[in-house]
Amino acid sequence: MYFFRFSGDILETAYVDDSGGKGKSLHSYIRKGKNIIDYTSNLVIMWEDYESLLHPIVLNKISHEEFLLDINSLIARLPISTKFYCLFRDELLNGHTFLGGETWEVSNHVKQKVQK
């Protein structure tokens with residue numbers, strides 16, 4: 001996620017219309033003010049145009065500052081994919097693991113596995 005490095009940027013994950021227009025797919029992009037930087041689709045586009053083309057339903061937002069806190073905490077060491085992090089960051093910080101039902105303790109955005 002080297003491209004997500006500028007203060008004020010927001011990493012959004014949304015359902016967007018797929019290329020065939022028959023369904024939705026999960027997609028992440030960077031919102032930089034009124035512009036969208038979509039590396040997967042190779043787009044730099046105004047939000048209004050992106051919205052009219054792909055009809056995003058935003059599921060999660062991660063600010064640059066939150067991302068910096070996360071990369072220096074234990075959440076970065078969880079055995080999850082980048083897409084999973086983008087989609088479920090808030091749930092992970094609230095103690096949900098989705099990894100076999102085990103719980104995590106939350107303390108200043110640092111997660112530790114609870115021993116049973």
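## Close-up views of a predicted model

**View 1. Asn42 in the loop between E3 and E4.** Asn42 is exposed, with a relative accessible area of 71%. The model shown here and in the other views is predicted. Asn42 belongs to the loop that runs between strand E3 (35-38) and strand E4 (43-46). Its phi is positive, at about 60°, although Asn42 is not a glycine. Most residues other than glycine have a negative phi. Ser41 lies in the loop between E3 and E4 as well. With a relative accessibility of 36%, Ser41 counts as partly exposed. The C-alpha atom of Ser41 is separated by 9.7 Å from that of His27, the two residues being 14 apart along the chain.

**View 2. His55 in the loop between H1 and E5.** Helix H1 (47-54) and strand E5 (57-63) are the elements on either side of the loop that holds His55. The phi of His55 is near 45°, which is a positive value in a residue other than glycine. Is His55 buried or partly exposed? At 43% relative accessibility, His55 counts as partly exposed.

**View 3. His27 in strand E2 and its surroundings.** Strand E2 covers residues 24-32 and contains His27. The relative accessible area of His27 is 9%, so this residue is buried, the limit being under 20%. Its side chain makes a polar contact of 2.7 Å with the side chain of Asp38. Residues up to four places away in sequence are not counted in the contacts that follow. On that basis, His27 touches Glu12, Thr13, Ala14 and Val16, and also Asp38, Thr40, Ser41, Tyr50 and Lys83.

**View 4. Ile37 in strand E3.** Ile37 counts as buried, at 18% relative accessibility. Its neighbours within four places in sequence left aside, Ile37 is in contact with Tyr29, Ile30, Lys32, Leu43 and Val44. The C-alpha atoms of Ile37 and Tyr50 are 9.8 Å apart, with 13 residues of separation along the chain. Ile37 is also one of the residues of the largest nonpolar core, which is the subject of the next view.

**View 5. The largest nonpolar core, with 11 residues.** The members of this core are Leu11, Ile30, Ile37, Ile62, Phe67, Ile75, Leu78, Tyr85, Cys86, Leu92 and Leu93. Which helix supplies the largest share of this core? Helix H3 (residues 82-93) does, with four residues. A second core, separate from this one, has eight residues, among them Ala14, Val16, Tyr29 and Leu54. In soluble globular proteins, nonpolar side chains tend to be buried together.

**View 6. The crossing of helices H2 and H3.** Two packed helices are described by the angle and the distance between their axes. For H2 (residues 64-71) and H3, the axes come within 13 Å of each other and cross at roughly 70°. The two helices are therefore roughly perpendicular to each other, a term that covers angles of 65 to 115 degrees. On the H2 side, the residues involved are Glu66, Phe67 and Asp70, and these meet Tyr85, Arg89 and Leu93 of H3. By residue class, the contact of H2 with H3 divides into three nonpolar, no polar and three charged residues.

**View 7. Arg89 in helix H3.** How is Arg89 classed, buried or exposed? Arg89 is buried, and its relative accessible area is 2%. The side chains of Arg89 and Asp90 are joined by a polar contact of 3.1 Å. Arg89 also belongs to the set of H3 residues that meet H2.

**View 8. The protein chain as a context for the close-ups.** The protein chain holds three helices and seven strands. Their order along the sequence gives the pattern β-β-β-β-α-β-α-α-β-β. The chain has 116 residues, of which 34% count as buried. Taking contacts between residues at least 6 apart in sequence, 42% join residues at least 24 apart.

Technical notes. Residues are numbered from 1 along each chain as its sequence is written. This is a predicted model: local features need pLDDT of at least 70, side-chain atom pairs count only at pLDDT 80 or more; totals for chains, interfaces and linings use all residues. Side-chain values use heavy atoms; hydrogens and water are left out. Buried means under 20% relative accessible area, exposed over 50%, partly exposed in between (1.4 Å probe, protein chains only). A polar contact is a pair of N or O atoms within 3.5 Å; within protein, one must be able to donate a hydrogen and the other to accept it, and residues adjacent in sequence count only if both atoms are side-chain atoms. Contact means heavy atoms within 4.5 Å. A nonpolar core is a set of buried Ala, Val, Leu, Ile, Met, Phe, Trp, Tyr and Cys residues joined through side-chain atoms within 4.5 Å. Axes are lines fitted to C-alpha atoms, for helices over the stretch in contact, and angles run from 0 to 180 degrees between N-to-C directions. Angles under 35 degrees count as roughly parallel, over 145 as roughly antiparallel, 65 to 115 as roughly perpendicular and the rest as oblique. Ala, Val, Leu, Ile, Met, Phe, Trp, Tyr, Cys and Pro count as nonpolar, Asp, Glu, Lys and Arg as charged, and the others, Gly among them, as polar.
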